[in-house]
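Here is a short briefing to read alongside the structure. Have the viewer open as you go, and follow the topics in whatever order suits you.

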Amino acid sequence: GANPSESVTIPPLGNSRSKFFTEQTAPNLATLPEWYANCVHRKETTLQGNPGRFRDEQIYHVLCLLEDKLSKKDLSPLVVVQVGSNDGDDAVREALIYARRHYSSIPIKVVLVEPTQRNFERLKKVYSSTAAFQGPGFEAEFVHGAVCDDCCVNDRVKIYHPKWSIIEQWYRDAVDHPEKHPKAFDTPDGSWRQKWLYELNSLDPENLKKNFKNDADITYD
């Protein structure tokens, strides 16, 4: 059969892409505050299943949109766009796994935008190895790029980030020498405490210099 949506693709880099996102939200601006307050922020709307264990509002964004469609008997595909997907092991993925289990009647297309090469490769692996995403009614589009207005020169943009090898070395050291890093995995989900460094990419290298004093430790795609 056809994919959930064969017509939804986001425009290439630059102003046309920014305009696309603005136009998507414009028709709903009047009702957004109340909907957001009730469902996403206060979590008062009854959702399918029992998502109470979730705290991240990104998850409720997705589930509340699905609940809204279900209440209107609208079974057309939901299109989710995530800008800055990092390696894909995050709240949006959790929301989509939950959605496939509890809102399976609504097809989903997710567009994942990630600028850095290393994260982009990992992102594709994470999604292709997630069992919930392999059946019918789910489609992922991977976009290696950035969304921006005036930061692009000739539709190209430099995304600065720390050298991945440095972070990988820190991670391996935490795994191999727990006695040196006793709190390295002392987090609610048991993940590495410094995982946020993978997400530390920016158009502004000055931001990175606050965490990496050495110029040689910062690179860009």
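**Helix H5 and its surroundings**

Helix H5 buries Arg 118, Asn 119, Phe 120, Leu 123 and Tyr 127. The cover over these buried residues includes H4, strand S2 (108-113), strand S3 (138-143) and helix H6 (164-176). Please keep in mind that this is a predicted model.

- H5 runs over residues 117-128, which makes 12 residues.
- From its first C-alpha to its last, H5 reaches 17 Å, close to the 16 Å expected at 1.5 Å a residue.
- An α-helix has 3.6 residues a turn, so residues three or four places apart point the same way.

**The protein overall**

- The protein holds 7 helices and 5 strands.
- Read from the N terminus, the order of elements is α-α-α-β-α-β-α-β-β-α-α-β.
- Of the 221 residues in the protein, 38% are buried.
- Taking contacts between residues at least 6 apart in sequence, 71% link residues at least 24 apart.

**How confident is the prediction?**

- Mean pLDDT for the protein is 83, with 84% of its residues at 70 or more.
- Confidence is highest in H4, at a mean of 95, and lowest in helix H1 (residues 15-25), at 66.
- Where pLDDT is low, the predicted coordinates should not be read in detail.

**Helix H3**

- H3 spans residues 57-71, and its end C-alpha atoms are 20 Å apart. This agrees with expectation, because 15 residues at 1.5 Å a residue should span 21 Å.
- Its buried residues are Ile 59, Tyr 60, Val 62, Leu 63, Cys 64, Leu 66, Glu 67 and Lys 69.
- Helix H2 (32-41), S1, H4 and S2 are among the elements that cover the buried residues of H3.
- At the N-terminal end, Asp 56 acts as the cap of H3, with a side-chain oxygen 2.8 Å from the backbone nitrogen of Gln 58.
- Just past H3, Lys 73 adopts a positive phi of about 55 degrees.

**Asp 87, in the loop between S1 and H4**

- Asp 87 sits in the loop that links S1 and H4. Its relative accessibility is 8%, so Asp 87 counts as buried.
- Beyond its neighbours within four places in sequence, Asp 87 contacts Asn 119, Arg 122, Leu 123, Val 126 and Lys 195. Of these, Asn 119 and Leu 123 are also on the list of buried residues in H5.
- Although their positions lie 33 residues apart along the chain, counted as sequence separation, the C-alpha atoms of Asp 87 and Phe 120 are 6.5 Å apart.
- A polar atom of the Asp 87 side chain lies 3.1 Å from the backbone nitrogen of Asp 89.

**Asp 90, in that loop as well**

- Asp 90 belongs to the loop between strand S1 (78-83) and helix H4 (91-102).
- Which side chain of opposite charge is nearest to Asp 90? That is Arg 93, at 6.8 Å, and the buried Asp 90 has no salt bridge.
- The side chains of Asp 90 and Gln 82 make a polar contact of 2.8 Å.
- Asp 90 also uses its side chain to reach the backbone nitrogen of Val 92, at 3.3 Å.
- Setting aside residues up to four places away in sequence, Asp 90 touches Gln 82 and Ser 85.

Methods: Residues are numbered from 1 along each chain as its sequence is written. This is a predicted model: local features need pLDDT of at least 70, side-chain atom pairs count only at pLDDT 80 or more; totals for chains, interfaces and linings use all residues. Side-chain values use heavy atoms; hydrogens and water are left out. Helices (H or I, at least four residues) and strands (E, at least two) are DSSP runs, numbered from the N terminus. Buried means under 20% relative accessible area, exposed over 50%, partly exposed in between (1.4 Å probe, protein chains only). Lys and Arg count as positive and Asp and Glu as negative; His and the chain ends are not counted. A salt bridge is a side-chain nitrogen of Lys or Arg within 4 Å of a carboxyl oxygen of Asp or Glu. A polar contact is a pair of N or O atoms within 3.5 Å; within protein, one must be able to donate a hydrogen and the other to accept it, and residues adjacent in sequence count only if both atoms are side-chain atoms. Contact means heavy atoms within 4.5 Å. The expected span of a helix is 1.5 Å times one less than its number of residues. pLDDT is the predictor's confidence in each residue, from 0 to 100.
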